[in-house]
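Visitor: Please show me the structure, and let us then discuss how its parts are arranged.

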Amino acid sequence: MECGLFSYLPGFGHNKPFCLAPGMGLNSFFAVVVAQIVTITGASYVASFQAALIIILAEGIVFLILTILNIREKIVEAIPYGVRMGIAPAIGLMLLNIGVGSNAGVFDTEGNPFYVMRDFFGALTASSAQTTMNTAYAPMVLTVITMFVGLFAIVFFAHRKVKGAVILGMLVASVLYWAGQAIFLGTNPFESLATASWLPAFGDMVNLTLFKFNFAGFLELGWFTVITLIITFCMIDMFDTIGTLVGTASRAGMLDAEGKMPQMKEALLSDSVGTVVGACTGTSTVTTFVESAAGVEAGGRTGLTALTCGIVFLLCMFIGPIAAIIPSAATSAALIYVGVLMLQGLRNVDMDKFDEVVPVALMLIAMPISGSIGHAIGIGLITFSIINLITGEANKKYWLTYVLSIIFLIKFFLVA
């Protein structure tokens with residue numbers, strides 16, 4: 001429900017095709033924080049979750065103030081043009097990494113995600129190959145074939161200028177997968193619908209998360225821990241949001257000649273408000289999520305895209321079981337396609353300038369490996385600053401870039 005309501009903010013607030021939802025990387029960090037609170041305070045997971053929500057609320061309030069004072073917008077402008085132009089391609093590689101990795105739904109015997117092409121082309125050890133052949137080889141092959149068929153279907157429809165090419169390609173992939181399940185695996189792809197629950201757990205939300213803040217558990221953490229966690233969440237969220245906005249806007253042709261996005265303040269204000277409201281409703285940090293790029297690639301250029309996304313999010317509260325039968329291989333095809341298109345942004349990077357190409361190259365590898373847009377941007381800023389210093393090209397106009405680089409260094413080595 002929160003995702004649906006939050007996506008109305010950019011739709012009505014600044015007429016941009018950006019959708020809001022709890023950040024997946026931040027979700028993981030939030031889960032770690034909840035576990036740490038359990039260890040520190042000895043409280044239950046529910047009480048620790050409610051204590052952690054106060055940290056999210058504080059982060060949202062800090063961001064709201066920084067946005068109103070135009071400080072966050074100044075931070076966006078502190079990212080050098082070359083580094084800014086490398087954000088979209090780096091996000092593209094991250095989407096590719098997700099598409100052929102964790103999202104594809106192929107796992108080893110220990111439950112770890114495998115890169116589907118590695119398995120598909122036979123790069124398995126002799127010992128694991130036998131196990132895979134007996135238990136998961138057929139589903140694995142079906143998954144990989146579905147993914148590639150979906151990708152080629154999207155490319156075909158896009159080449160023909162068919163509207164909704166991504167959705168149509170995913171539909172083709174889904175039908176293929178369902179048919180393969182029925183014919184080759186002997187399973188009914190729609191069996192889960194018979195026993196599915198079609199009503200959202202509103203009762204649990206009201207009883208456990210809606211304005212349920214555990215201030216006692218929060219205070220037990222100690223002020224140093226609390227401040228450290230708030231700063232860490234702020235750093236990750238700030239640059240994740242900035243990276244997604246700049247990267248997606250770049251692909252949509254919304255940046256001006258200096259690489260700036262009009263109405264950036266309004267866009268940043270939307271995720272600030274979303275984070276504050278999300279904390280009150282039991283949701284971790286709300287941010288502009290990278291899958292917004294799929295809507296942009298489908299032709300979305302206005303707030304109507306965000307509004308549509310919000311409506312579909314709300315519908316998914318009741319049609320979740322239907323969404324669940326869409327195979328992950330079909331969504332992987334969409335992620336790979338969008339990722340490839342975002343790589344085209346590399347044409348805007350000056351390959352003859354070391355202070356552009358080296359930071360961008362490191363961002364390209366850091367983003368898919370770390371899974372964090374913010375961390376990759378931090379590495380890009382640090383690299384840019386060091387290269388400028390050692391080559392004697394340091395300039396006063398980049399003073400905020402150098403300050404951000406120092407903050408990232410402190411974060412990486414002292415608050416990891």
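Guide: Helices are DSSP runs of H or I with at least four residues, strands are runs of E with at least two, and both are numbered from the N terminus. Axes are lines fitted to C-alpha atoms, for helices over the stretch in contact, with angles from 0 to 180 degrees between N-to-C directions. This is a predicted model, in which local features need pLDDT of at least 70, side-chain atom pairs count only at pLDDT 80 or more, and totals for chains, interfaces and linings use all residues. Residues are numbered from 1 along each chain, and side-chain values use heavy atoms, without hydrogens and water.

Visitor: Which word describes α4 relative to α13?

Guide: The axes of α4 and α13 (residues 223-251) lie 9 Å apart, at an angle of about 55 degrees. Angles under 35 degrees count as roughly parallel, over 145 as roughly antiparallel, 65 to 115 as roughly perpendicular, and the rest as oblique. Therefore α4 is, with respect to α13, oblique.

Visitor: Is Leu 69 buried or exposed?

Guide: Leu 69 lies in the loop between α4 and α5 (71-77). Buried means under 20% relative accessible area, exposed over 50%, and partly exposed in between (1.4 Å probe, protein chains only). With a relative accessible area of 54%, Leu 69 is therefore exposed.

Visitor: Is Met 205 buried or exposed?

Guide: Met 205 belongs to helix α11 (residues 202-209). Its relative accessible area is 18%, so Met 205 is buried.

Visitor: How far apart in space are Met 205 and Thr 281?

Guide: In sequence, Met 205 and Thr 281 are 76 residues apart. In space, their C-alpha to C-alpha distance is 7.7 Å.
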